[in-house]
Amino acid sequence: MAENQQDLAGNRIKAVLADKERTCKWLAEEIGMSENTVSRGCSNRFQPSLHQLGRVANALDVDIRDLIRPTKEK
């Protein structure tokens, strides 16, 4: 997979964390997950479940849809 295609795959947790000026460590503590798991989710090596994404969205005070990349352009 090309690098730009890889960037499009997965979730937007890392981008939202940056926008909110928060770290993976902070998020891990907020949602009760290991920092390693959150870090893997941020780098798209692990895709969290919808339940986990809901917890992330609540911690970051964003709509869950802000954490998911669209599959189709409108």
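The side chain of Ser43 comes to 3.3 Å from the backbone oxygen of Arg40, and this small detail of a predicted model is a convenient place to enter the structure. Ser43 sits in the loop that connects helix H4, residues 35–42, with helix H5, residues 50–60. With a relative accessibility of 36%, Ser43 is classed as partly exposed, because that class covers the range between the 20% limit for buried and the 50% limit for exposed. Along the chain Ser43 and Ile13 are 30 residues apart, yet in the model their C-alpha atoms are separated by 8.4 Å.

From this loop one can step back to the chain as a whole, which has 74 residues, 30% of them buried. Its secondary structure consists of 5 helices and 0 strands, so that, read from the N terminus, the order of elements is α-α-α-α-α. Of the contacts that link residues at least 6 apart in sequence, 59% join residues at least 24 apart.

How far the details can be trusted depends on where one looks. The average pLDDT over the chain is 86, and 86% of the residues reach a score of at least 70. Confidence is highest in H3, at 96, and lowest in helix H1, residues 3–8, where the mean is 44. Across residues 1–8 the pLDDT stays below 50, and this stretch makes 3 contacts in the model beyond near neighbours in sequence. Where pLDDT is low, predicted coordinates should not be read in detail.

After H1, in the loop that leads to helix H2, residues 13–19, lies Asn11. Is Asn11 buried or exposed? Its relative accessible area is 3%, which is under the 20% limit, and therefore Asn11 counts as buried. A polar atom of the Asn11 side chain lies 3.0 Å from the backbone nitrogen of Ile13, and the side chains of Asn11 and Gln47 are joined by a polar contact of 3.2 Å. Once neighbours within four places in sequence are set aside, the residues in contact with Asn11 are Gly41, Asn44, Phe46, Gln47, Pro48, Leu67 and Arg69.

Several of these names return when one turns to the interior space of the model. The structure holds 1 cavity of 30 Å³ or more, and the largest cavity encloses about 70 Å³. Its lining is formed by Ile13, Leu27, Ile31, Met33, Thr37, Val38, Gly41, Phe46, Pro48, Gln52 and Val56. Helix H3, residues 24–31, together with H4 and H5, are the elements that each supply two or more residues to this lining, and the greatest share comes from H4, with 3 residues. Sorted by class, the lining of the largest cavity comprises 8 nonpolar and 3 polar residues, with no charged ones.

H5 deserves a closer look, since Gln52 and Val56, which line the largest cavity, are also among the residues of H5 that are buried because their relative accessible area is under 20%. The buried residues of H5 are Gln52, Leu53, Gly54, Val56, Ala57 and Leu60, and what covers them includes H2 and H3. An α-helix has 3.6 residues a turn, so residues three or four places apart point the same way. Just after H5, Asp61 adopts a positive phi of about 55°.

Definitions and conventions: Residues numbered from 1 in each chain as written. Predicted model: local features only at pLDDT ≥ 70, side-chain atom pairs only at ≥ 80, totals over all residues. Heavy atoms only, no water. Helix = DSSP H or I, 4+ residues; strand = E, 2+ residues; numbered from the N terminus. Buried < 20%, exposed > 50% of the residue type's maximum accessible area, 1.4 Å probe, protein only. Polar contact = N/O pair within 3.5 Å; in protein donor to acceptor, adjacent residues only side chain to side chain. 1 Å grid on protein atoms, 1.4 Å probe; cavity = no way out; pocket = protein on both sides within 12 Å on 5 of 7 lines; lining within 4 Å. Points joined across faces, edges and corners; volume = space filled by probe spheres on them. Nonpolar A, V, L, I, M, F, W, Y, C, P; charged D, E, K, R; others polar. pLDDT = per-residue confidence, 0-100. Contact = heavy atoms within 4.5 Å.
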